[in-house]
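Please load the structure in a viewer and keep the sequence panel open. The tour below proceeds by selection, with a short account at each stop.

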Amino acid sequence: MHPETRALITGGAGFLGSHLCERLLADGADITCVDNFFTGARRNVAHLLDHQRFELIRHDVTFPLYLEIDQIYNLACPASPIHYQHDPVQTTKTSVHGAINMLGLAKRLRVKILQASTSEVYGDPSVHPQIEDYWGHVNPIGARSCYDEGKRCAETLFFDYWRQHRLQIKVARIFNTYGPRMHPNDGRVISNFIVQALLGRDIAVYGDGSQTRSFCYVDDLIEGLVRLMATGREVTGPVNIGNPAECSILQLAMMVIDLTGSRSRIVHRKLPQDDPKQRQPDISRAQDLFDWRPCTTLKDGLQSTIAYFDRLLSDQKLRAQLVNEPAA
């Protein structure tokens with residue numbers, strides 16, 4: 001056995017992946033960060049490049065990867081609508097082929113593997129809040145299906161590897177997560193609202209804004225993933241990881257305006273196809289299995305995220321780019 005835990009993180013230069021790299025390095029692990037930089041960014045892990053226990057590899061998980069490691073966190077996949085709809089075929093391939101390749105690696109090495117699944121497997125739910133036993137209400141042929149069904153198929157593969165090969169799997173269903181290092185123009189509601197407010201643009205609310213989301217701060221989410229990975233062989237998931245505190249989109253827009261001191265106006269746009277009306281996790285399973293619950297309030301998390309975007313927009317080149325390109 002290698003003296004340190006060697007963790008492979010696919011999508012490691014992305015929003016969640018970079019925070020996970022930091023956390024596991026702090027815990028004493030050796031980290032191999034794999035990313036093809038489609039949505040991830042080198043700047044997210046630039047401060048880690050000189051760390052003696054950190055290695056960055058440019059690689060697309062739709063192709064096999066051969067490494068010697070002790071655990072795998074499979075986070076590779078574009079996670080915002082503007083990114084996963086840009087190349088929907090590649091999005092499905094990343095979820096499905098990527099899962100097959102990482103499961104194959106885990107099978108060869110007989111190591112634990114965690115799948116970063118999503119609350120989107122529930123679709124537009126008829127059960128509220130969403131429990132893990134709910135099978136979902138998903139459009140299989142819509143514009144969002146490449147992501148929703150890709151993640152559902154990945155879960156199927158994980159559980160088939162568990163049943164057929166007794167592989168140690170962990171499946172986390174991640175709900176809306178936010179925090180520093182979000183992409184400034186990825187189409188996700190919090191990054192959209194903050195950037196629009198800081199630039200003094202109109203804040204676009206889709207529909208009447210009564211649809212709800214539950215927002216989990218990134219540090220809380222990462223703690224949940226690490227605790228799930230540390231559970232015994234008998235714990236496979238799926239397990240919801242998210243914040244059950246529900247907030248309407250209109251309430252969120254008003255909170256962002258207040259915290260930024262912006263003069264932006266709220267304007268209403270047509271609701272996108274298959275946009276869920278409600279999203280709230282039941283986290284009883286996470287509480288029971290590994291004593292996890294989020295502890296960061298939405299206000300505190302938003303303040304940290306606003307401060308990050310404020311620093312990011314001090315780069316005049318990036319600011320000019322965002323001003324000149326249409327908002328996601």
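Which residue just after helix 5 takes a positive phi? Select Gly200: its phi is about 75°. As the model is a predicted one, this angle and every other value in the tour belongs to a prediction.

**The whole chain**

Display the protein chain in full; 10 helices and 13 strands make it up. The radius of gyration is 19 Å, close to the 20 Å given by the globule rule for 328 residues, so the chain is as compact as a globular protein of that length. Along the principal axes, the C-alpha atoms fill a box of roughly 60 × 45 × 35 Å. Colouring by accessibility will show that 56% of the 328 residues count as buried. A contact map is also instructive: among contacts between residues at least 6 apart in sequence, 82% join residues at least 24 apart.

**Helix 5**

Return to helix 5 and select residues 189–198. Nine of these 10 residues are buried, so the helix is largely enclosed by the rest of the structure. The buried set consists of Ile190, Ser191, Asn192, Phe193, Ile194, Val195, Gln196, Ala197 and Leu198.

**Helix 3**

Next select helix 3, residues 88–109. At 1.5 Å a residue, its 22 residues should span 32 Å, and the end C-alpha atoms lie 31 Å apart, which agrees. Along the way, the helix bends by about 25° at Thr94. Thr94 is also one of the buried residues of helix 3, which include Ser95, Val96, Gly98, Asn101, Met102 and Leu109.

What do the buried residues of helix 3 pack against? Add strand 1 (6–10), strand 4 (71–74), helix 2 (81–84), strand 5 (112–118) and helix 4 (145–165) to the selection; these are the packing partners. Just after the helix, Arg110 takes a positive phi of about 55°.

**The nonpolar cores**

Now show side chains for Leu24, Ile31, Tyr73 and Leu252, which have the most contacts inside the largest nonpolar core, a set of 63 residues. Helix 6 (residues 218–229) gives the most to this core, with seven residues. Centre the view on Leu24: leaving aside residues up to four places away in sequence, it touches Ala7, Ile9, Ala29, Ile31, Tyr73 and Val226. Apart from this core lies another, of 26 residues, among them Leu67, Ala76, Ala154 and Leu157.

**Aromatic pairs**

Finally, display the aromatic rings; the structure holds six aromatic pairs. Tyr178 and Phe215 form an edge-to-face pair, 6.5 Å centre to centre, with 85° between the planes. This pair links distant parts of the chain, 37 residues apart: Tyr178 is in strand 7 (residues 177–178), whereas Phe215 is in the loop between strand 9 (212–214) and strand 10 (216–217). Are these two rings on buried or exposed residues? Tyr178 is buried, with a relative accessible area of 1%, and Phe215 is buried at 5%.

Move on to Tyr308 and Phe309, another edge-to-face pair, 5.3 Å centre to centre and with 70° between the planes. Tyr308 counts as buried at 11% relative accessibility, because the cut-off for burial is under 20%. Phe309 is buried as well, with a relative accessible area of 0%. For the last selection, take Tyr122, Tyr134 and Phe175, which ring pairs link into a cluster.

Terms used: Residues are numbered from 1 along each chain as its sequence is written. This is a predicted model: local features need pLDDT of at least 70, side-chain atom pairs count only at pLDDT 80 or more; totals for chains, interfaces and linings use all residues. Side-chain values use heavy atoms; hydrogens and water are left out. Helices (H or I, at least four residues) and strands (E, at least two) are DSSP runs, numbered from the N terminus. The expected span of a helix is 1.5 Å times one less than its number of residues. The bend at a residue is the angle between axes fitted to the seven residues ending there and the seven starting there. Buried means under 20% relative accessible area, exposed over 50%, partly exposed in between (1.4 Å probe, protein chains only). Contact means heavy atoms within 4.5 Å. A nonpolar core is a set of buried Ala, Val, Leu, Ile, Met, Phe, Trp, Tyr and Cys residues joined through side-chain atoms within 4.5 Å. Rings of Phe, Tyr and Trp (its six-membered ring) pair if their centres lie within 6.5 Å; planes under 30 degrees apart count as stacked, over 60 as edge-to-face and the rest as tilted. The radius of gyration is taken over C-alpha atoms; the globule rule is 2.2 Å times the number of residues to the power 0.38.
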